[in-house]
Amino acid sequence: MDSASGRVAGSGAATWTERKRPLLVAGSFVVAILLGVVLGLAWADDEEPATVTTTTELPDSPVLSPPLPLVSWATSRVEGTPHKVTLSATERQSVRLPLQWLAAWKVREKTAGSTTPTMDDVTIVKDTLFYGAIEGADSAHDEFWAVAQTEIKDVPETDAPDPHVWKRVGSERWTLVALGPGACSSIPAKLMTVLSPGICAS
């Protein structure tokens, strides 16, 4: 106590602090928020930009679902039986187109935004296309397989190694299953025995 004035020492400062406490608390929150924003912006500048994934063209072209060929087992099925399928000239062309489309798309897939090669840039090498099927319980479960060597304009073989193996189940779209050494291991063994594709030997 101050003997001259009769007041408790420091009571004025304490009273001012009590009166200003709400303002001090609010100010602290504002400072904290601003500091957080500043630090967030600083860290964001140091981070790598988000990766943008671009798909050149998904395999959804109508060419991938041509009419199914006429098959000898349509009216007498033994599920699981493998067949080497003989195609008419028209059927052979309808099979080649989706195979070419998928081979070209696989190359384009490596380079986002690329528009080449196109289906027309792909050639199925003469006498290298082997085509067969495994009977399903019904036409929706027939498995069709194709294996061939390709030549793709302006594309080195290292970017599209042979052989190429494609598959189709029933009327679903053709898909490119595998390519390059070992691709033929994707083909069911029982079908390989009837196809005997020489291109798979190497």
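Two aromatic pairs turn up when the whole of this predicted model is searched. One of them joins Tyr131 and Phe144. Their rings are stacked, with 6.2 Å from centre to centre and 15 degrees between the planes. This pair links distant parts of the chain. Tyr131 belongs to strand 3 (residues 130–134), while Phe144 belongs to strand 4 (residues 143–148). The two residues are 13 residues apart.

Are these two rings' residues buried or exposed? Tyr131 has a relative accessible area of 6%, and Phe144 has 2%. The cut-off for buried is under 20%, so both values qualify.

Tyr131 also forms an aromatic pair with Trp174. Here the geometry is tilted: the centres are 6.1 Å apart and the planes meet at 45 degrees. Why does the pair tie together separate parts of the sequence? Tyr131 sits in strand 3, but Trp174 sits in the loop between strand 6 (164–169) and strand 7 (175–179), so the pair bridges parts 43 residues apart in sequence. Trp174 is buried, as is Tyr131. Through these ring pairs, Tyr131, Phe144 and Trp174 become one cluster.

Now turn to the nonpolar cores. The largest has 20 residues. Tyr131 and Trp174 are among the residues with the most contacts inside it, along with Leu99, Leu102, Ala146 and Trp166. At least two residues of this core come from each of helix 2 (89–109), strand 3 and strand 4. Which element gives the largest share? Helix 2 does, with five residues. Another core lies apart from this one. It has 13 residues, including Val147, Ala178, Cys184 and Ile199.

Helix 2 also holds Arg108. The charged end of Arg108 sits over the ring of Trp101, 5.7 Å from the ring's centre. Is Arg108 buried or exposed? Its relative accessibility is 6%, so Arg108 counts as buried. Follow the chain from Arg108 to Thr118, and you have gone ten residues. The C-alpha atoms of these two residues are separated by 8.6 Å.

Tyr131 is a good place to start when viewing the model. Stacked against Phe144 and tilted against Trp174, Tyr131 takes part in the ring cluster. Tyr131 also ranks among the residues with the most contacts inside the largest nonpolar core.

Definitions and conventions. Residues numbered from 1 in each chain as written. Predicted model: local features only at pLDDT ≥ 70, side-chain atom pairs only at ≥ 80, totals over all residues. Heavy atoms only, no water. Phe/Tyr/Trp six-rings, centres within 6.5 Å; stacked < 30°, edge-to-face > 60°. Helix = DSSP H or I, 4+ residues; strand = E, 2+ residues; numbered from the N terminus. Buried < 20%, exposed > 50% of the residue type's maximum accessible area, 1.4 Å probe, protein only. Lys NZ or Arg CZ within 6 Å of the ring centre and 35° of its normal. Core = buried A, V, L, I, M, F, W, Y, C linked by side-chain atoms within 4.5 Å.
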